[in-house]
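Me: Please give me a close look at a single part of this structure. Start from one residue and work outwards, and explain the terms as you use them.

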Amino acid sequence: MPVLDAHPGMARELRFFPIHNPSPRHLTPAQIAQFNDRGYIFPLDLFDEEETSAQRAYFDRLLAMATEAGRDNYAVNGWHSHCRGLYDLVCHPRMLDYVEDIVGPDIICIMTHYFSKNPTDSKTVYWHQDAQFWGITPSKVVTAWIAIDDVDRANGAMQLFPGSHHRGVIPFEYVTDQENGVLNEHVHDPERFGEPVAVEMRAGQLSLHTDMLLHGSMPNNSGRRRCGLTVRYMPPEVRYGDKVAEPRAIIARGSDPSGYWQAVPRPESDALPPQPPPPQPRPPAGGFCVPGPPTFPPRGSAPPPQPPA
Ligand SMILES: O=C(O)CCC(=O)C(=O)O
């Protein structure tokens, strides 16, 4: 049954907030206009060849840590509070320069996730709007998707529906066991939103998309890995929809003048984070306290109760 709200107990403001930046410094006015009109910008150059190889080697190390701990290829999720290299990547000035033109001078990050599709990986990231998953509001989060490997249609590039961010909240269904999904939400009948655009990029390039844009990715039918790192950036006014004892974030640039977000310190090394708790059924609407940074609920999470139709 289609679901309208993944967090029915929270008062969230979910809609696209157009960017007003008459004098961007690192993006062009045309790129800002495209972000408003189509919901994304790509490709942007981020790393040269040497830096890209270093980033790939770094991810290979994190993935080896995950694998040795018995975790899977999507498990490097939310490691920025424990891993110095990832923390530093979130704070990379060249990336923040692009992001600042959209988010503004104060930039907060509470989510990172490497989506690493193995060669011939049959998992699908079903069509979804990011903002629907997260218990935060308002929907002003921008995702930087950094290509760690070369990415094309054959190895399962992310695909975006241009302009779908203007369609408000789109009802979704929870992914079933038969559906072999990476995440747990699925918007059906995407043809309603036109033709998707594939985010084909060279390793070291970057794309930006708004959290209201409908997107996803297909299985990797190639013999090549397809890894991309998502870093979610937002202005400090974006907050948890529920009361959280200690809202912690990387304050990547500027400050949080309100003092709501408490700064995550730069980690001293690259340490394996504790295994996240197994997905649990959510308590009734209104009584849910987010214990840590929101991540995409993995497959297996119980859907929250829905109000009667
Ligand atoms: O990398 C992918 O395949 C999907 C990423 C995604 O869904 C996202 O960035 O929100």
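Reply: **One residue and the strand around it**

M111 lies in strand β2, residues 107-117. This is a predicted model, in which local features need pLDDT of at least 70 and side-chain atom pairs count only at pLDDT 80 or more, while totals for chains, interfaces and linings use all residues. Residues are numbered from 1 along each chain as its sequence is written. Strands (E, at least two residues) and helices (H or I, at least four) are DSSP runs, numbered from the N terminus.

M111 has 25 other C-beta atoms within 10 Å, so the residue is buried. A buried residue has 20 or more other C-beta atoms within 10 Å of its own, an exposed one 12 or fewer, and a partly exposed one falls in between; C-beta atoms are placed from the backbone. The rest of the strand is covered as well: 11 of the 11 residues of β2 are buried. H80 is 31 residues away from M111 along the chain, yet their C-alpha atoms are separated by 7.9 Å.

Next, the partners of the strand. Two strands pair if DSSP finds at least two bridges between them. β2 pairs with β12 in the antiparallel sense over nine bridges, and in this pairing C109 stands opposite Y233. Three bridges join β2 to β14, also antiparallel, with I108 opposite I251. Strands of a sheet pair through backbone hydrogen bonds, either parallel or antiparallel.

These pairings belong to an open sheet of seven strands with mixed pairing, ordered β1-β10-β5-β12-β2-β14-β15. Its edges are β1 (40-45) and β15 (262-263), each of which pairs on one side only. Elsewhere in that order, β5 and β10 (residues 205-210) are antiparallel over five bridges, and A144 stands opposite L208.

Helix α4 lies across β2, as well as β1, β5, β10, β12 and β14 (248-253), and runs at about 155° to β5. Contact here is between residues whose C-beta atoms, placed from the backbone, lie within 7 Å. Axes are lines fitted to C-alpha atoms, for helices over the stretch in contact, and the angles run from 0 to 180 degrees between N-to-C directions. Eight of the 11 residues of α4 (residues 93-103) are buried, so the helix is largely enclosed by the rest of the structure. Among the buried ones are M95, L96, Y98 and V99. Just after α4, G104 takes a positive phi of about 105°. Another helix, α1 (residues 29-38), lies across β1 and β10 and runs at about 140° to β1.

Two of the strands in this sheet also bear on the ligand. β5 (142-147), β12 (226-234) and β11 each supply at least two residues of the shell around the ligand. Residues around the ligand include F115, W145, H215 and T230; to count as near, a residue has its C-beta atom, placed from the backbone, within 6 Å of the molecule. The shell has four nonpolar, five polar and one charged residues.

β11 sits in an open sheet of four strands, ordered β3-β11-β6-β9 with antiparallel pairing. β3 (125-129) and β9 (197-198) are at its edges with a single partner strand each, so one side of each has no neighbour in the sheet. β6 (residues 158-160) is joined to β11 (residues 214-217) by three bridges, with Q159 opposite G216.

Conventions:
Nonpolar A, V, L, I, M, F, W, Y, C, P; charged D, E, K, R; others polar. Contact = placed C-beta atoms within 7 Å.
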